[in-house]
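Biologist: I am new to this model and would like to take it one feature at a time. Please show it first.

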Amino acid sequence: MLALRLTLGAGPLPLLRRLLVTAASAGVGVLLLSSLGFALAHPGDPAAALRLAWCAAPLAAAAYFAVTVARTDPGTRPRGGFDAFGLGPARLTLLAVVSTALTGALGSVVALLLFVRLRGNPGALPAAGVATGAAAALPAGAVLVLLALAPLVTAVATGLALRPRRTGPHPGPAAAPPGGLPWGCALVTAGLAVGAFSASAGEGAAVRQAGTGTGTAVVAVAPDRAWVLVGWTLTALGLACAGPSLTRFCGRLLQAVRPGAVRLLAGRVLMAESHRIGRPLGVLSAVAAATVTAWALNGTGPRLFGPLTGLGAGLVLACTTAALVISAVEARQDRAELIGQLRGLGAPAAPLRLAALLRVGALLLVFVPVVGAVGMLATLPAGR
């Protein structure tokens, strides 16, 4: 009840963020139910397992977005005096988990209603399952399990991300420079290697099926396609690990070679915010690299899942972009006091705006080539 009151008692902006989490959970629910309906309507089809595997990417993106929203929720942030009321760090984390679970559960309910509506059966739900029109009814147990995935995964991810951590008397982990660049490079390399392996496996399967009379359509749903998801998962994790280090490098780049006051300010801000915005930048870079790869390979083979691919890709892109925007807005709000002090000392607004433009330019200068390089390297095994 307290979690519900804190959620409803928040301002319009936190409520809007929660509604976006609900929408993301609803999108994941629709994808999962659609995959289940396809699996029941096409028993034994290898594409059914790939559809369910593809739903893992939108589910992870929705969980990542939910964690970002929970971090910035003013109702669950530690405040002075809350310990006296029994609202210590552990209790606030529990409230954030419950609030995230409730938001995800609401999205699952919306997903169920949307799925029934899209199937052309807006009437009452039968006890044996959810009617799917021409296909067989979906088992109620399977529907409940799939709809519980989004609330459960988002709640667990929120609890793990916001769990209380012990810090020493010196500056905490946020003050330490990020050191995930070697691990990020290793994971990206592993992901590209897995992608190359999946492409070579697909070519071998196409050669073996050449004399069967079915052509390459047989390998459109071959198991090697699952390795593509594994490869891009490793690539996304690698870019997410390397994002803070690359952001800090952007800050150092701005301060190189006799920096003036504006470049010095822009570089120091980027270095200070490398932990906050670096990881969302890395995740968005992974999504952008996957988009570059998909665009380069467009038309080279049959579409695996039809509209399911577009819905899932749109959900991933929307969640990662929204997470970056929220992180950037929160970072700007945290700097509002410093900006106010500078303006109070007579600092003009033009240098502050120029510093912001320099930060954006430095990030684009570093991350755009990384995205292009990863995207193009992923297309090389396909002969593009």
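Biologist: What is the relative accessible area of Leu16?

Modeller: This model is predicted, and local features need pLDDT of at least 70, side-chain atom pairs 80 or more, while totals for chains, interfaces and linings use all residues. Residues are numbered from 1 along each chain, and side-chain values use heavy atoms, without hydrogens or water. Leu16 lies in helix H2, residues 12-41 (helices are DSSP runs of H or I, at least four residues, numbered from the N terminus). Leu16 counts as partly exposed (buried is under 20%, exposed over 50%, partly exposed in between, with a 1.4 Å probe and protein chains only), because its relative accessible area is 46%.

Biologist: Where is Val257 placed?

Modeller: Val257 is not a glycine, yet its phi is positive, about 60°. Most residues other than glycine have a negative phi. Val257 is exposed, with 73% relative accessibility. The place of Val257 is the loop between helix H8 (224-254) and helix H9 (261-272).

Biologist: What relative accessibility does Arg258 have?

Modeller: Arg258 also sits in the loop between H8 and H9. Its phi is positive too, near 50°, and Arg258 is a residue other than glycine. Arg258 counts as exposed, because its relative accessibility is 81%.

Biologist: Which helix supplies the largest share of the lining of the second largest pocket?

Modeller: Helix H10 (274-296), helix H11 (307-334) and helix H13 (349-379) each supply at least two residues of that lining. A pocket is an open set of 1 Å grid points where a 1.4 Å probe fits, with protein on both sides within 12 Å along at least five of seven lines, and lining residues have an atom within 4 Å of a point. The largest share, 8 residues, comes from H13.
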